[in-house]
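Take a look at the model below. The text then walks through its surface, its fold and its main pocket.

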Amino acid sequence: LSAGGTGSDYKRRREVEIKHGRVAMFATMGYILPEYWRLPGYLAPSYGVKYSEMPNGFAAIGKVPALGWAQFFAFIFIVELNVYNEQVNGEPGNYGA
């Protein structure tokens, strides 16, 4: 996998691996946490969707309103552009936090 690459290719692959690992950890937390604890109140007040009514796992995908998904992906887009960019410093995975 890394036989035909430059130093910058290696650095980029390392950074992507770290980022994917962090996403996987958040996904695992998001899958396990609702089994034990739920936020009080409404997920989407205008649609009347409560956190307590949301199913766990993949069944929740169809229950979230389309505007909720739009907000979710807009947030990810903004974070990717402003926080997790490669111009922060030279060390992969160190975003200055």
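**From one loop residue to the pocket**

Start with Ile61, which sits in the loop between strand 2 (49-50) and helix 2. The model is a predicted one. Is Ile61 buried, partly exposed or exposed? Its relative accessibility is 45%. Buried means under 20% and exposed means over 50%, so a value in between counts as partly exposed. Ile61 therefore counts as partly exposed.

Ile61 also belongs to a nonpolar surface patch. Its partners there are Tyr31, Ile32, Leu33, Tyr36, Trp37, Leu39 and Phe58. Together these residues make a patch of about 960 Å².

Now step back to the chain. The protein chain holds two helices and two strands. Read from the N terminus, the order is α-β-β-α. The chain has 97 residues, and 11% of them count as buried.

Next comes the empty space. Rolling a probe the size of a water molecule over the atoms shows where such space is left. The largest pocket holds about 1700 Å³. Its lining takes in 40 residues, and Phe26, Ala27, Gly30, Trp69 and Phe72 are the closest to the pocket centre. Three elements give two or more residues to this lining: helix 1 (7-32), strand 1 (42-44) and helix 2 (66-82). Which element gives the most? Helix 2 does, with ten residues.

What classes of residue make up the lining? Nonpolar residues number 30, polar residues six and charged residues four.

Technical notes. Residues numbered from 1 in each chain as written. Predicted model: local features only at pLDDT ≥ 70, side-chain atom pairs only at ≥ 80, totals over all residues. Heavy atoms only, no water. 1 Å grid on protein atoms, 1.4 Å probe; cavity = no way out; pocket = protein on both sides within 12 Å on 5 of 7 lines; lining within 4 Å. Points joined across faces, edges and corners; volume = space filled by probe spheres on them. Helix = DSSP H or I, 4+ residues; strand = E, 2+ residues; numbered from the N terminus. Nonpolar A, V, L, I, M, F, W, Y, C, P; charged D, E, K, R; others polar. Patch = residues over 30% accessible without salt bridge, like charges linked within 9 Å, V, L, I, M, F, W, Y side chains within 5 Å. Areas by Shrake-Rupley, 256 points an atom, 1.4 Å probe, with all protein chains shown as cover. Salt bridge = Lys/Arg side-chain N within 4 Å of Asp/Glu carboxyl O. Buried < 20%, exposed > 50% of the residue type's maximum accessible area, 1.4 Å probe, protein only.
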